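Student: Could you take me through one part of this model in close detail? I'd like to look at the ligand and what surrounds it.

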Amino acid sequence: MKRWFMLLLALVVLVAPILAQDAPPIKIGVAVAQTSNVALLGQEQVIGAQIAGDYFNERGGINGRPIELVFQDTAGDEAGAINAFQTLISEGVVGILGPTLSQQAFSADPIAEQAGVPIIAPSNTARGVPQIGWFISRISAPVAVVAPNAVQAALELDPNIKDVAVFFAQNDAFASSETQTFQSTVTDAGLNLATVQTFQTTDTDFSSQVTNALALNPQLAIISGLAADGGNLVRQLREFGYTGLIIGGNGLNTANIFPVCQALCDGIIIAQAYSYEADSEINQTFRTIYKEAQGKEPPQFSAQAFAGIQVFVEALTELDNTVGLASFDETSDPLGQLRHHLNAQILYGSYDTPLGAVSFLPTGEIVQEQFYVAQIKMNEDGQTGSFIFIR
Ligand code: 1QQ
């Protein structure tokens, strides 16, 4: 009896990986901005997700069963994100990494919630995103905890800061959320919030906002917008003669702003939810792969996308180890059941990612320990530069 059992066990152990390899790949959706102005941010997410897809498949995928990343461009608006989500959901993905903007998440996430599809937000940092529903989690720490670090760093660089000019894009949910955090951090630090200037993410001319603000002689300017508008605002602040420190929010957190503000990007301070210097094994592995492919240090948005795919892969693997992914095939709704249990597992697990050790609150909010601040250093050529960690 015992011998038979051992033989059977040996057979299962030997055959299961072979069967797993024959099983179709597990599809994970990636819905980020590959076109439009928002692609300045989304391109970095595509790269991070692709690195994760290759890396985890090389290591055997989900217990021998490969994953397939299904990319769907959201472009930069709500309609694009909704379309991408709907397409991926009907293609049978087990979950979706996306969208790029909080502004898009508030429209597209309710569709995933309704369909019962786990979402991991790679870069949705506005207040309220995880609260959209049970299926919505984020791997991108909220501006409320990340952004204040930039103000502290600015005060360390220039203790004489007293008057602050704040700028924000009022047509963007993230920028409107981030500016609230910046404004309360400024007043809580006993600084004078000299002026709050508004703009649109589609604006290219900021001369009236800049003129209004510079009339008040601020020593610190804080910008909450996206990459193209934010980069142009930085450029115009400098062109109009502003010499004080500039903090850029998360929307400016990419080397893709370098072509926009060029040499005038120099010195921008940006809080970070990731550092390529973090010395964990997984981060140094990710950093090496990224550097070999891209010839530069990995940025936050790539690291967050990698970490999001990693969470899907590790949660699926754990689910396979505990109940077995094949067991869902015996239910009346295999994909629906898998999606539901996958979401529960995502929330339950903890993950050693390039962002550090992360886990989730029951709401889907990320629990992350370490935050940083970087400052942009432009090279002599005025075209290339890097993010130097100052905190
Ligand atoms: C958000 C963001 C964006 C600026 C990241 C791409 O943080 O929309 O929430």
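Student: To start with, how far is an oxygen atom of the ligand from an N or O atom in the side chain of Ser102?

Tutor: That distance is 2.4 Å, from a ligand oxygen to an N or O atom of the Ser102 side chain. Keep in mind that this is a predicted model. Ser102 has company, too: 13 residues surround the ligand, and those that come nearest are Ser102, Ser123, Thr125, Phe174 and Asn250. Two of them bring in their backbones. Thr125 has a polar backbone atom 2.7 Å from a ligand oxygen, while for Ser123 a backbone N or O atom is 3.2 Å from an oxygen atom of the ligand. As for cover, the ligand on its own would expose 280 Å², and the protein buries 100% of that.

Now look at the shell as a whole. Its residues split into 7 polar and 6 nonpolar, with no charged ones. The space itself is a cavity, the second largest, and that's where the ligand sits.

Stepping back to the chain, you'll find two domains: domain 1 covers 24-141 + 279-360, and domain 2 covers 145-272 + 372-389. Why say the ligand lies between them? Because domain 1 and domain 2 both give residues to the shell around the ligand. Taken by their C-alpha centres, domain 1 and domain 2 are 30 Å apart. They also touch each other directly, with 17 residues of domain 1 in contact with 18 residues of domain 2. So if you want one picture to keep, put the ligand between the two domains, with Ser102, Ser123 and Thr125 among the residues that come nearest.

Key:
Residues numbered from 1 in each chain as written. Predicted model: local features only at pLDDT ≥ 70, side-chain atom pairs only at ≥ 80, totals over all residues. Heavy atoms only, no water. Near = heavy atom within 4 Å. Polar contact = N/O pair within 3.5 Å; in protein donor to acceptor, adjacent residues only side chain to side chain. Areas by Shrake-Rupley, 256 points an atom, 1.4 Å probe, with all protein chains shown as cover. 1 Å grid on protein atoms, 1.4 Å probe; cavity = no way out; pocket = protein on both sides within 12 Å on 5 of 7 lines; lining within 4 Å. Sits in = over half its atoms within 2 Å of the grid points. Nonpolar A, V, L, I, M, F, W, Y, C, P; charged D, E, K, R; others polar. Domains from an automatic or database assignment. Contact = heavy atoms within 4.5 Å.
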